[in-house]
Amino acid sequence: MENIKKIALIAAFFALFTLSFSTTTLLAAESQIKVYTGWNLIGLPLVPVTPYTAESLGQAINAQGGNCERIQYWDGSEWITHIIGTSFGDYNIEVGKGYFLLCNSKSIFTMTGASIASSAVSLHPGWNSISVPGPINAELAGIQINSNGGSCDTIIYWSGGGWEGHMMGMPFGDFVLTPGNGYFIHCSTASAWDVVQRDWITNILVSPDAFSPNGDNTQDTADISAQFTASCNWTISIRDSNGVVKRAFTGTGANISQAWDGKDTSNNSVSDGAYTYTIEAVDPATGSSIASVSGQIIIDNASPTGSITEPSSGQILSEVAAIRGTAEDLNFSIGHLYYGQGVSPTAWSLIGDVLSPVGPSAGLLVNWDTSGVSNGVYTIRLTVCDDAGNVRNIDLAVNLRNAVTTTINYSYDDLNRLENIAHDGVSTTYDYDEAGNIKNKTTE
Ligand SMILES: [Ca+2]
Ligand SMILES: [Ca+2]
């Protein structure tokens, strides 16, 4: 909860904040918001078909595998918070504004809507929370604003652990504002900002952003796609962590849809690691360059690792059993614990999920409440998944032996006393005479 404290501390910093916003829209489109564990400062990259509220946006993100719990914005004097899943404190999510989203795990939210061709932002003295319809350099944004009567000096973004940003006119710290993210811009006078460029690049999408080019038909390529508002001559450069260009693609048009197979320019497979793609483009009609856009693509051919250290193979389990072990990967996505009947199950039931990596020391994976499962031999399976589509399964056979319930039912008539005992799945009926001797016994 350290981030909450940080946000509380900077709250006083935002002396005044109000914002008005209008947009014009283009075609129907799809865009993604990447959500990380902790606080995220986001903005809508598209105009949604149905406007979101804080609750409906939170539910939409969580319905796509997200695990987000609250969403809040700065209204000029305090943070307005909505707890996702509750019916109170809901508010409308506005295009062009930035929102803080608190999540317990990372996920990708794909939204559909209309892409934004231009937007008019009313900036006010103090800090303004904004999002942009297309990528634009912070310095260029400042120039656009300040050459039109504005007086803005700083644009900052939330890095996940603190604020980073650019001061206008400084030769360092410039960065690209991109759709899907939120930003704070500090101004000393009110002004209007027409966020419009002839050459927006929009709907930048890398899917998947981690892949495993090993020919197993699972996430073997990464598709880089984007759209321009005017036909451009474009280049995609893919660089390794040393900045060396490993692969480049070029083309002309209003759309990019380019697959990368994980090979370099000599058709050799590149090694596992993080690569940076940069999209640059020039509009041949004007000769002007768009703001370049960069992002990360992970290549990961290494399968996750995992182990079940407790229970041991064949161990007898009862009631709530702790399943301990490890579940690790450099690009860990999720782990699942299943159980199935026998030593070679044909069907699996989920025990629970492992949301964060466990290791290198063994730790608790899940607790398995076996009380609802009938006794016998079972196999538990740990499945560890990474972001690149690699999966590792670890199986272990165990015995369930829970105390069985015994129920006794009596019935009487004038001559007989019947007693039925159901014990460990076996039903036995005793028929007594008046003297208490067993006349008959039947077992089912
Ligand atoms: Ca693969
Ligand atoms: Ca991996």
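Which residue in S13 is the bridge partner of Ile-130? In this predicted model, the partner turns out to be Tyr-183. That pair is a handy way into the structure, but a quick look at the whole chain helps to set the scene.

The protein is built from 3 helices and 32 strands. It has 444 residues, and 34% of them count as buried. Contacts often reach a long way along the chain: taking those between residues at least 6 apart in sequence, 70% join residues at least 24 apart.

Back to Ile-130 and Tyr-183, then. Their bridge belongs to the pairing of S8 with strand S13, residues 183-187, where the two strands run antiparallel and are joined by 5 bridges. Both strands are part of an open sheet of 4 strands, which come in the order S8-S13-S10-S11 with antiparallel pairing. At the edges sit S8, covering 126-130, and S11, covering 163-167, and each of these pairs on one side only. From one strand to its neighbour, the sheet is turned by 25° on average, direction ignored. This sheet also has a helix to go with it: H3, made of residues 138-146, lies across S10 (152-158) and S11. Relative to S10, helix H3 runs at about 145°.

Another helix, H2, spans residues 54-63, and its buried residues are Ala-54, Glu-55, Leu-57, Gly-58 and Ile-61. Looking down the axis of H2, these buried residues fall within an arc of 165°, so they line one face of the helix. The spacing fits a general rule: an α-helix has 3.6 residues a turn, so residues three or four places apart point the same way. Just after H2 comes Gly-65, whose phi is positive at about 95°.

Further along, S24 (residues 332-341) has two pairings to look at. With S27, residues 376-386, strand S24 pairs in the antiparallel sense over 9 bridges, and here Leu-337 stands opposite Leu-382. With S25, residues 349-354, strand S24 is again antiparallel, this time through 5 bridges. Gly-335 has Val-354 of S25 as its bridge partner. In general, such strands pair through backbone hydrogen bonds, either parallel or antiparallel.

The backbone also has a few oddities in its loops. As a rule, most residues other than glycine have a negative phi, and most peptide bonds are trans. Against that background, the peptide bond from Ser-207 to Pro-208 is cis, with omega near -10°. Pro-208 sits in the loop that links S15 (201-207) and S16 (210-211). A cis bond also leads from Glu-310 to Pro-311, where omega is near 5°. The loop holding Pro-311 lies between S21 (305-310) and S22 (316-317).

Then there are the positive phi values in residues other than glycine. Gln-219 has a phi near 50°, and its place is in the loop between S16 and S17 (222-239). Is Gln-219 buried or exposed? The answer falls in between: Gln-219 counts as partly exposed because it has 19 C-beta neighbours inside 10 Å, while being buried takes 20 or more. Asn-267 also has a positive phi, near 70°, and lies in the loop between S18 (245-260) and S19 (273-282). With 8 other C-beta atoms within 10 Å, Asn-267 is exposed.

Definitions and conventions: Residues are numbered from 1 along each chain as its sequence is written. Chains are lettered from A and ligands numbered from 1 in the order in which they are written. This is a predicted model: local features need pLDDT of at least 70, side-chain atom pairs count only at pLDDT 80 or more; totals for chains, interfaces and linings use all residues. A residue is buried if 20 or more other C-beta atoms lie within 10 Å of its own, exposed if 12 or fewer, and partly exposed in between; C-beta atoms are placed from the backbone. Two residues are in contact if their C-beta atoms, placed from the backbone, lie within 7 Å. Two strands pair if DSSP finds at least two bridges between them. The arc is that of the directions from the helix axis to the C-beta atoms. Axes are lines fitted to C-alpha atoms, for helices over the stretch in contact, and angles run from 0 to 180 degrees between N-to-C directions.
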